[in-house]
Amino acid sequence: MGVFDSIERRLEGVVSGGFARAFKGDVQPVEIAARLQRELDAEARLLSRDRKLVPNDFTVTLSPHDYDRLFPYSQTMNAEVIPQLREYAANADYIFNGPITIDYVVDDSLPTGRFKVSSEAVAAVDAPPAFGLTPQRRATLVLEVNGVRHPLNPPGFVIGRGSDADIRINDPGISREHARIVVSGRGPDAVIDIEDLGSTNGILVNGQRVRSATLAEGSRIEMGNTRLLVRTPVADV
């Protein structure tokens, strides 16, 4: 237990040092890091006498307030947390089946200061049969709507409340065909634009009312009472 306690202290020191001032009174990054470590222990599954398979794909669900404060730091935080999780796993003879990914989603029903973690073991695409090094994976931008991720692949899609919309949102403040997302290219290099289709209540992008706008990772869109986010999962590659 001594080596595990030491790693946890290192994890807490690395993560909390750079973020403590930004998160006073709210969910602390060190809380998330410690919870991810406990998730490995709780979900470890025996592969052989001395090896256990553990989750590598994690979803951290936060309240709207905590999400808004944490998300801008997510890539930096993951860059610190993921190596520590790998070290912890190595000391415990845990095996990952693919790259470690930590995603962050929002749940409007969660109160400030509370969060949830879910996980699963996800095999890497084109991974070799034996556990070991995995090929590099490039993250694909997604549009997150009410916790559901929609890949931003060309040519795009229409968002609205009506049956003809590609992505239907049951929100009375959203028109039947509210907006169109236009995607040119794929993956992180994709160019993504949003166009208002003559909606009644309009579109806000990063707090500004627009008729059209170019979106990027982290762009926040508001339609009616619904918040949408352009994001990319952060993976250990």
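These legends describe close-up views of one predicted model.

Residues are numbered from 1 along each chain as its sequence is written, and side-chain values use heavy atoms, without hydrogens or water. Because the model is predicted, local features need pLDDT of at least 70 and side-chain atom pairs count only at pLDDT 80 or more, while totals for chains, interfaces and linings use all residues.

**View 1. The whole chain has four helices and 18 strands.**
Helices (H or I, at least four residues) and strands (E, at least two) are DSSP runs, numbered from the N terminus. The chain has 237 residues, and 44% of them count as buried. Buried means under 20% relative accessible area, exposed means over 50%, and partly exposed lies in between (1.4 Å probe, protein chains only). The accessible surface comes to about 12,200 Å². Carbon and sulfur atoms hold 46% of that surface. Areas come from the Shrake-Rupley method with a 1.4 Å probe; for residues, only the protein chains shown count as cover. Among contacts with a separation of 6 or more, 62% join residues 24 or more positions apart. Contact means heavy atoms within 4.5 Å.

**View 2. Five strands form an open, mixed sheet.**
The strand order is β10-β9-β11-β12-β15. At the edges lie β10 (167-168) and β15 (212-215), each paired on one side only. Two strands pair if DSSP finds at least two bridges between them. Strands of a sheet pair through backbone hydrogen bonds, either parallel or antiparallel. β11 (residues 179-184) and β12 (residues 191-196) run antiparallel, with six bridges. Val183 stands opposite Ile192 of β12.

**View 3. Helix α2 spans residues 29-43.**
The helix has 15 residues. From first C-alpha to last, α2 reaches 21 Å, close to the 21 Å expected at 1.5 Å a residue. The expected span is 1.5 Å times one less than the number of residues. Buried residues of α2 include Pro29, Val30, Ala33, Ala34 and Leu40. Gln37 and Glu39 of this helix are buried too.

**View 4. Ile32 of helix α2 sits in the largest nonpolar core.**
A nonpolar core is a set of buried Ala, Val, Leu, Ile, Met, Phe, Trp, Tyr and Cys residues joined through side-chain atoms within 4.5 Å. This core has 28 residues. Ile32, Leu36, Val60, Leu62, Ile102 and Tyr104 touch the most other members. At least two residues each come from α2, β3 (57-62), α3, α4 (74-91), β4 (94-96), β5 and β6. Helix α4 gives the largest share, six residues. Ile32 counts as buried because its relative accessibility is 1%. Leaving aside neighbours within four places in sequence, Ile32 contacts Val27, Val60, Leu62, Leu70, Tyr104 and Phe115. A second, separate core has 24 residues, including Ile174, Ile194, Val205 and Val230. Back in α2, Ile32 lies 9.4 Å from Val81, C-alpha to C-alpha, with their positions 49 residues apart in sequence.

**View 5. Asp68, Asp108, Arg220 and Arg227 are linked in a salt-bridge network.**
A salt bridge is a side-chain nitrogen of Lys or Arg within 4 Å of a carboxyl oxygen of Asp or Glu. By this rule the chain has nine. One of them joins Arg220 to Asp68, with the closest N and O atoms 3.4 Å apart. Arg220 lies in β16 (residues 220-223) and Asp68 in α3 (residues 64-70), 152 residues apart. Both count as partly exposed: Arg220 at 37% relative accessibility, Asp68 at 30%. Another bridge joins Asp108 to Arg227, with the closest N and O atoms 4.0 Å apart. Asp108 is in the loop between β5 (101-106) and β6 (115-120) and Arg227 is in β17 (residues 226-231), so this pair ties together parts 119 residues apart in sequence. Asp108 is exposed, with a relative accessible area of 59%. Arg227 is partly exposed, at 29% relative accessibility.

**View 6. Arg211 and Asp196 form a salt bridge.**
Their closest N and O atoms are 3.5 Å apart. Arg211 lies in the loop between β14 (208-210) and β15, and Asp196 lies in β12, so the pair ties together parts 15 residues apart in sequence. Arg211 is exposed, with a relative accessible area of 54%. Asp196 is buried, with a relative accessible area of 11%.
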